[in-house]
Amino acid sequence: MLKIVTVALVIAELVLLTTLTIAPAQATLSDSEFYTWSFAYPGSNQVVCKQIVMHPEKQIQSPSSERKVTKISSNSIVVSDSYCANLTKPYS
């Protein structure tokens with residue numbers, strides 16, 4: 001019984017030391033792009049392949065706070081249908 005308790009305490013200590021000493025991963029802010037089927041423009045019934053690029057921008061919420069928020073802007077352009085070939089095309 002004493003061996004089981006000792007092993008459990010050693011495992012708990014290792015888990016705690018590991019979680020407290022390893023630094024958290026730093027998120028990277030880089031542009032991400034993806035392709036999707038979408039309507040050509042609002043009110044259109046023509047479905048086209050669009051490339052959507054998201055541009056994250058780092059910002060500080062307030063000087064008194066260390067929390068960082070990310071503002072994301074995006075743009076989209078119509079591209080060749082071959083970019084969306086592996087995606088299911090919606091019914092138009």
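This is a short walk through one protein model, from the overall layout down to a few residues.

Okay, before anything else: this is a predicted model, so local features need pLDDT of at least 70 and side-chain atom pairs count only at pLDDT 80 or more, while totals for chains, interfaces and linings use all residues. Numbering runs from 1 along each chain as its sequence is written, and side-chain values use heavy atoms, with hydrogens and water left out.

Let's start with the layout. We have one helix and three strands, and along the sequence they read α-β-β-β. Helices here are DSSP runs of H or I with at least four residues, strands are runs of E with at least two, and both are numbered from the N terminus.

Now, the inside. Of the 92 residues, 13% are buried; buried means under 20% relative accessible area, exposed means over 50%, and partly exposed is in between, with a 1.4 Å probe and protein chains only. The largest nonpolar core has five residues, Trp37, Val47, Cys49, Val79 and Cys84. By core I mean buried Ala, Val, Leu, Ile, Met, Phe, Trp, Tyr and Cys residues joined through side-chain atoms within 4.5 Å. As background, nonpolar side chains in soluble globular proteins tend to be buried together.

Take Val79 from that core. Skipping residues up to four places away in sequence, Val79 touches Tyr35, Cys49, Lys50 and Gln51, where a contact is heavy atoms within 4.5 Å.

Next door in sequence to nobody on that list but Tyr35, have a look at strand β1, residues 32–39, where Thr36 sits. Thr36 counts as partly exposed because its relative accessibility is 24%. Beyond its neighbours within four places, Thr36 contacts Val48, Cys49, Lys50, Ile52, Cys84 and Leu87. From Thr36 to Val79 is 9.9 Å, C-alpha to C-alpha, with their positions 43 residues apart in sequence.

So what about aromatics? There is one aromatic pair. The rings of Tyr35 and Tyr83 have centres 4.8 Å apart and planes at 15°, so they are stacked. For the cut-offs: Phe, Tyr and Trp rings (six-membered ring for Trp) pair with centres within 6.5 Å, and planes under 30 degrees apart are stacked, over 60 edge-to-face, the rest tilted. Tyr35 is in strand β1 and Tyr83 in the segment after β3 (68–79), 48 residues apart, so the pair links distant parts of the chain. Tyr35 is partly exposed at 24%, and Tyr83 is partly exposed at 46%.

Last stop, the N terminus: Met1 lies in the segment before α1 (2–21), and at 79% relative accessibility Met1 is exposed.
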